[in-house]
Amino acid sequence: MNDGPKHRSLLTGREREIFNLLIEDQTTKEIASQLGISEKTVRNHISNTIQKLGVSGRAQAIIELLRLGELHLR
């Protein structure tokens, strides 16, 4: 059934994509344009992630995601 312990990500693929772009200092508008989605959708993904983590903003979310090994600085 399962081929060993795997880390189950807190983030969806899209959330990971968005937060990787945020840590590259891209704006919501730039991210929306690059991914071909609306700015509102970008903000919704960010909000969902902030709620999942129980933090109060983007910066705290990024710090927590780095701490958890969900994001990595390049």
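**Exercise 1.** In this predicted model, locate Leu11 relative to helix 1 and decide whether Leu11 counts as buried or exposed.

*Solution.* Start with the position: Leu11 sits in the segment before helix 1, which spans 13-22. Next, take the relative accessibility of Leu11, which is 9%. Buried means under 20%, so Leu11 counts as buried. Now look for its surroundings: beyond the neighbours within four places in sequence, Leu11 is in contact with Arg16, Thr49, Lys52, Leu65 and Glu70. Finally, check a pair 60 residues apart along the chain: the C-alpha atoms of Leu11 and Leu71 are separated by 9.7 Å.

**Exercise 2.** Find where Gln26 lies and which side chain Gln26 joins through a polar contact.

*Solution.* Gln26 belongs to the loop between helix 1 and helix 2 (28-35). Its relative accessible area is 18%, so Gln26 is buried. Setting aside neighbours within four places in sequence, Gln26 is in contact with Leu21, Ile31 and Gln34. With Gln34 there is also a polar contact between the side chains, at 3.2 Å.

**Exercise 3.** Work out how the buried and exposed residues of helix 2 are arranged.

*Solution.* First list the buried residues of helix 2: Thr28, Ile31, Ala32 and Leu35. Viewed down the helix axis, these buried residues fall within an arc of 100°, so they line one face of helix 2. Then turn to the face pointing away from the buried side, where the exposed residues Lys29 and Ser33 are found. Now ask what the buried residues pack against: helix 1, helix 3 (39-53) and helix 4 (58-67). To finish, step past the end of helix 2: Gly36 follows, with a positive phi near 70°.

Technical notes: Residues are numbered from 1 along each chain as its sequence is written. This is a predicted model: local features need pLDDT of at least 70, side-chain atom pairs count only at pLDDT 80 or more; totals for chains, interfaces and linings use all residues. Side-chain values use heavy atoms; hydrogens and water are left out. Helices (H or I, at least four residues) and strands (E, at least two) are DSSP runs, numbered from the N terminus. Buried means under 20% relative accessible area, exposed over 50%, partly exposed in between (1.4 Å probe, protein chains only). Contact means heavy atoms within 4.5 Å. A polar contact is a pair of N or O atoms within 3.5 Å; within protein, one must be able to donate a hydrogen and the other to accept it, and residues adjacent in sequence count only if both atoms are side-chain atoms. The arc is that of the directions from the helix axis to the C-beta atoms.
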